[in-house]
Amino acid sequence: MKILVTGAKGQLGQDLMAELAGRGIEAVGVDVEDMDITDGEACRRVIFREKPDAVIHCAAYTAVDAAEDNLELCRRVNAEGTRNIAKVCGDLECKMMYISTDYVFNGQGERPWEPDDPREPLNVYGLTKYEGEIAVEQNLQKYFIVRIAWVFGLYGKNFVRTMLRLGKERGEVSVVNDQIGSPTYTPDLARLLADMIQTEKYGRYHATNEGLCSWYEFACEIFRQAGMADVKVTPVDSSGFPAKAKRPFNSRMSKEKLTENGFERLPAWQDALGRYLTALRENGMWQ
């Protein structure tokens, strides 16, 4: 099997490339310098040249607050770029996996979102990712849409590394306690995506590590596992951190569809966090 991965230099893309290589699966990684996804002809040229059996589309515009002032750029990458890839995959009759987000929902209530729930984005980023989902659904039959949330891994900025830095610099942090969801560790996610892409069990899925927490509870566990229990963590509601883009209060996502289709769900987020902290130490990225 041959798989083309977009956004191969990103936080998820690097772990996905490593996971595929570890399984002996031929993987071609492309990033913006190799294939500008906003250029339809470039997408056609590169994907037709490689003729993959599947494309896993990780590339995206993910600056949530900046997106509010850059709708057209965000749309060009997340919606039009995704459409460009979906059209080529449709012409080649190859599978496509699109990595999406809980931000396609309105973020209200307390019930976990089901994969086929109505989509009602609450900010520009969520809107353009929703438009990307529609582009995939309109151009393909053999597709996976996998929604993730609260992502952390070795190869990018994320909440865990921010907390470790702020805890060390300030000795105290304030963290919102009224937004609920589940963290997602990229090596765990990469394993699931590699499992999934080798099947024909198409459709929309949700994939995060198991267990729920608030950002405040996530921060407390970070400092506990990091041996930084002396860091003071103060819970505050979202009004204490006004942001340009609205954030979802409810990022709970049901993963029952994974079980129903025979996929192994991701481990508990606390377990993933422990492995991540170990990996940071081993790679000299945190002491």
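## Exercises on aromatic rings

W215 is buried, with a relative accessible area of 15%. Keep that residue in view as you work through this predicted model.

**Exercise 1.** Work out how the ring pair of F159 and W215 is classed: stacked, edge-to-face or tilted.

*Solution.* Start with the distance: the ring centres lie 4.7 Å apart, and rings pair if their centres are within 6.5 Å. Next, take the planes, which stand at 55 degrees. Stacked needs under 30 degrees and edge-to-face over 60, so the pair is tilted. Finally, place the partners: F159 is in helix α6 (residues 159-170) and W215 is in helix α8 (residues 215-225), so this pair ties together parts 56 residues apart in sequence.

**Exercise 2.** Now do likewise for F159 and F218, and find out whether these residues are buried or exposed.

*Solution.* Here the centres are 5.3 Å apart and the planes are at 25 degrees, so the pair is stacked. F159 belongs to helix α6 and F218 to helix α8, so the pair ties together parts that are 59 residues apart in sequence. Both F159 and F218 are buried.

**Exercise 3.** Place these rings in their wider setting, starting from the number of aromatic pairs in the structure.

*Solution.* The structure has 13 aromatic pairs. Follow the ring pairs and you reach a cluster that links W150, F152, F159, Y185, W215, F218, W269 and Y276.

**Exercise 4.** Identify which lysine lies over the face of F263, and which over the face of Y205.

*Solution.* Over F263 you will find K201, 5.5 Å from the ring centre. Over Y205 sits K257, at 4.9 Å from the ring centre.

Terms used. Residues are numbered from 1 along each chain as its sequence is written. This is a predicted model: local features need pLDDT of at least 70, side-chain atom pairs count only at pLDDT 80 or more; totals for chains, interfaces and linings use all residues. Side-chain values use heavy atoms; hydrogens and water are left out. Rings of Phe, Tyr and Trp (its six-membered ring) pair if their centres lie within 6.5 Å; planes under 30 degrees apart count as stacked, over 60 as edge-to-face and the rest as tilted. Helices (H or I, at least four residues) and strands (E, at least two) are DSSP runs, numbered from the N terminus. Buried means under 20% relative accessible area, exposed over 50%, partly exposed in between (1.4 Å probe, protein chains only). A charge sits over a ring if NZ of Lys or CZ of Arg is within 6 Å of the ring centre and within 35 degrees of the ring normal.
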